[in-house]
Structures are given as C-alpha cells and as structure tokens.
Amino acid sequence: MFDFFQIIDFNGKHNIKNAKYSFLKLYLYDKVEGIEYFKDFKNSKACFLEREKTDKNCFNKKGKNIFLFGTVYTNDLYKEVSGHNLQIIYADFICELLDKYDDDIVKYIKGSFVIVIYDELKNNVKVISDRLNVLPLYYSFKDNLLIISSSV
C-alpha cells in the first residue's frame, strides 16, 4: 500500500456511506500507476492504493479492520519465542499477532510502517507506527469523526 485514507464515524451519525473518495481522481495522481481499492465497513470507509493487484495490506476479521501502510517484518524476539524464521508479514498475520499478543505486538515486529486497527465491536482505533516514525500520517478528529491518511 502506498497511500491510504480512512474515515471512521464513531457515533454513526454522519453520512459517510454515500461519500465518494478517490486518490486517482486528483490531478496529483495523474501519472501514478496503481490499483485503487475501496472498503466499506460498519462505521468506516477506506480508500487505498496498491502498486500491484493484492489485498494483503487490508484485512477484516470479526469486526477488526486492519490497514497496513509500509512494510512489517517479524523480529529476532518473535523468532526466539515462535521458532519461525524472520519474515515479511501482512495484515492477516498482524491480526493473528494482535489476537495473541494484543498491545505487546510491538515487541515482535520491525520495519517501516503504520498500522491502523479499527475495532468495530469496541468502537475504538489503535495506530501503531514503527519506532522511527518515518512514514507520514495525518489525522483529524472532530464531532466523533476520525480521518486518517498517508497524504494531505
């Protein structure tokens, strides 16, 4: 994923379902080669761009929506506790790690990334960034509406 946008309506009072968001309709993306995806969830809507046709950076399981912007790897501590070699991981595996380690997931991953987790059941958002926080992340929160994006 090289650009993403997500809007979350925490109280369900805004009409975000009918809103049309698109990166590729903006002139800044005229020469960008990528595939645009749109995802609609209970109180959330997302748009993201991929360089190739893949759905690896977005995952939904039991109301937990995960968006991965950047690249995540397991680290040496994960190798030590799991016995598995270091590997690149995607949103589905991040979901597994979250189920197993919850907030301690940060102890077992490395890379250059932003992970956005919207839990529809708990109606909350967690944002996890790599330790150097290299990738851009912009957000706005007003009237129980959260907008998160990788681009202004």
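**Salt bridges**

I counted salt bridges in this predicted model and obtained 6, taking as a salt bridge a side-chain nitrogen of Lys or Arg within 4 Å of a carboxyl oxygen of Asp or Glu. I numbered residues from 1 along each chain as its sequence is written, and I used heavy atoms for side-chain values, leaving out hydrogens and water. I accepted local features at pLDDT of at least 70 and side-chain atom pairs at pLDDT 80 or more, while totals for chains, interfaces and linings use all residues.

**Asp 40 and Lys 45**

I looked up the pair Asp 40 and Lys 45 and found a salt bridge with an N to O distance of 3.3 Å. I then checked accessibility, where buried means under 20% relative accessible area, exposed over 50%, and partly exposed in between (1.4 Å probe, protein chains only). Lys 45 is buried at 10%, whereas Asp 40 is partly exposed at 47%.

**Lys 64 and Asp 99**

I recorded a salt bridge between the side chains of Lys 64 and Asp 99, at 3.6 Å from N to O. This pair links distant parts of the chain, its residues being 35 apart: Lys 64 lies in strand S5 (residues 64-74) and Asp 99 in helix H2 (residues 91-101). I took helices (H or I, at least four residues) and strands (E, at least two) as DSSP runs, numbered from the N terminus. Lys 64 counts as buried, with 18% relative accessibility; Asp 99 is partly exposed, with 47%.

**Asp 104 and Lys 107**

I found a further salt bridge between Asp 104 and Lys 107, whose closest N and O atoms are 3.6 Å apart. Both partners are partly exposed: Asp 104 has a relative accessible area of 37% and Lys 107 one of 44%. I also asked which residues are joined through shared salt-bridge partners. Lys 61, Lys 64 and Asp 99 form one such network.

**Cysteines**

I searched for disulfides, defined as a pair of cysteine sulfur atoms within 2.5 Å, and the structure holds 0. Why is Cys 47 without a bond? Its closest cysteine sulfur, in Cys 58, is 11 Å away, which is too far. I noted Cys 47 as buried, at 2% relative accessibility. Cys 58 is likewise in no disulfide, and the cysteine sulfur nearest to it, that of Cys 95, is 11 Å away. I entered Cys 58 as buried, with a relative accessibility of 8%.
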